[in-house]
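User: Hi! I'm new to reading protein structures, and I'd like a close look at one part of this one. Could you take me to the aromatic rings and then walk me outward to what lies around them?

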Amino acid sequence: MREQLENNITAHLNLTKDEVKAFCNLFEPKKIKKKSFLLREGEVCRFEGFVVKGLFRVFHIDQNGFEQILYFAVENWWITDIDSFINEIPSQLFIEALEDSDVLLISKKDKEFAYSNLPGIEKLFRIMTQKTHVALQRRMIDNLSKTAEVRYIEFAQRYPRLIQRLSNIHIAAYLGITNVFLSNIRKKIALKNN
């Protein structure tokens with residue numbers, strides 16, 4: 001399990017093998033069954049997670065009961081509620097496994113230990129944080145300036161393997177539209193392609 005994490009780390013920066021091993025040893029493996037929650041709204045998020053196998057959705061339920069999916073996480077992606085994790089406050093998010101999944105989790109205490117004792121790790125998380133900010137900024141701009149159809153097409157092009165693993169309901173919740181509207185978009189696209 002940890003080998004995948006080691007490969008992910010070395011893809012982002014050069015650390016000694018000992019540094020990488022020491023950091024990876026701070027993670028605890030956890031198996032999560034399909035439809036089980038790694039985090040529920042109201043709990044304090046005590047981990048940052050690395051997905052070894054499986055698929056998760058990170059979502060919020062609004063006051064009208066509608067799910068709003070912030071992002072999905074598949075193999076080699078990271079998951080957490082960063083606000084809850086950093087500030088040690090109750091989460092507004094749910095993290096649910098959509099497939100049987102394996103994750104590696106690191107606690108805040110162990111992450112702080114890594115920052116203090118493995119200087120390259122701070123750089124790793126700075127790089128990851130920057131990439132996350134870029135992705136969130138792009139998503140916000142897309143949601144404000146592009147139609148649902150364009151957002152769907154771009155999502156399908158960007159994540160062709162992921163889209164095959166998701167239900168229409170989950171894709172619609174990610175795009176901020178209804179399942180019926182997504183079905184209409186798919187029909188319209190299919191007609192254009194025929």
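Analyst: Happy to; we'll begin with one pair of rings and then move on to the pockets, the cysteines and two loop residues. Keep in mind that this is a predicted model.

Let's start with the rings. The count of aromatic pairs comes to 13. Take the one made by phenylalanine 72 and tyrosine 174: the ring centres are 5.5 Å apart and the planes meet at 40 degrees, so this pair is tilted. Try finding the two partners along the sequence, and you will see that the pair links distant parts of the chain. Phenylalanine 72 belongs to strand β5 (residues 67-74), while tyrosine 174 belongs to helix α8 (residues 168-175), and 102 residues separate the two. Both phenylalanine 72 and tyrosine 174 are buried.

Tyrosine 174 has another partner to look for. The charged end of arginine 139 sits over the ring of tyrosine 174, 3.8 Å from its centre. A similar arrangement can be found at phenylalanine 59, where arginine 57 lies over the face of the ring, at 3.8 Å from the ring centre. You can also look for a group of rings: Phe23, Phe27, Phe50, Trp78, Tyr115 and Phe125 form one aromatic cluster.

Now for the empty space. Rolling a probe the size of a water molecule over the atoms shows where such space is left. The largest pocket holds about 1,600 Å³. Its lining is made of 48 residues, and those nearest its centre are Tyr71, Lys131, Thr132, Ala135 and Leu136. Helix α5 (residues 119-145) supplies the largest share of this lining, 15 residues. Sorted by class, the lining of the largest pocket has 23 nonpolar, 10 polar and 15 charged residues.

The second largest pocket holds about 300 Å³, and it brings us back to the two elements of our ring pair. Its lining includes Phe66, Glu67 and Gln68, as well as Ile169, Ala172 and Ala173. The elements that give two or more residues to this lining are β5 and α8, with α8 giving the most, 3 residues. By class, the lining of the second largest pocket has 5 nonpolar, 4 polar and 2 charged residues.

Next, the cysteines. A disulfide is a covalent bond between the sulfur atoms of two cysteines. How many disulfides does the structure hold? The count is 0. Cysteine 24 is in no disulfide, and the nearest cysteine sulfur, that of cysteine 45, is 19 Å away. Why does cysteine 45 not bond with cysteine 24? Because the two sulfurs are 19 Å apart, which is too far for a bond; a disulfide needs them within 2.5 Å. Cysteine 24 is buried, with a relative accessible area of 0%, and cysteine 45 counts as buried too, at 2% relative accessibility.

Finally, have a look at two loop residues. Asparagine 76 lies in the loop between β5 and β6 (78-79), which takes us back to the strand that holds phenylalanine 72. Although asparagine 76 is not a glycine, it has a positive phi of about 75 degrees. Its relative accessibility is 35%, so asparagine 76 counts as partly exposed. Glutamate 88 also has a positive phi without being a glycine, of about 55 degrees. You will find glutamate 88 in the loop between α3 (82-87) and β7 (94-97), and at 47% relative accessibility it counts as partly exposed.

Conventions: Residues numbered from 1 in each chain as written. Predicted model: local features only at pLDDT ≥ 70, side-chain atom pairs only at ≥ 80, totals over all residues. Heavy atoms only, no water. Phe/Tyr/Trp six-rings, centres within 6.5 Å; stacked < 30°, edge-to-face > 60°. Helix = DSSP H or I, 4+ residues; strand = E, 2+ residues; numbered from the N terminus. Buried < 20%, exposed > 50% of the residue type's maximum accessible area, 1.4 Å probe, protein only. Lys NZ or Arg CZ within 6 Å of the ring centre and 35° of its normal. 1 Å grid on protein atoms, 1.4 Å probe; cavity = no way out; pocket = protein on both sides within 12 Å on 5 of 7 lines; lining within 4 Å. Points joined across faces, edges and corners; volume = space filled by probe spheres on them. Nonpolar A, V, L, I, M, F, W, Y, C, P; charged D, E, K, R; others polar.
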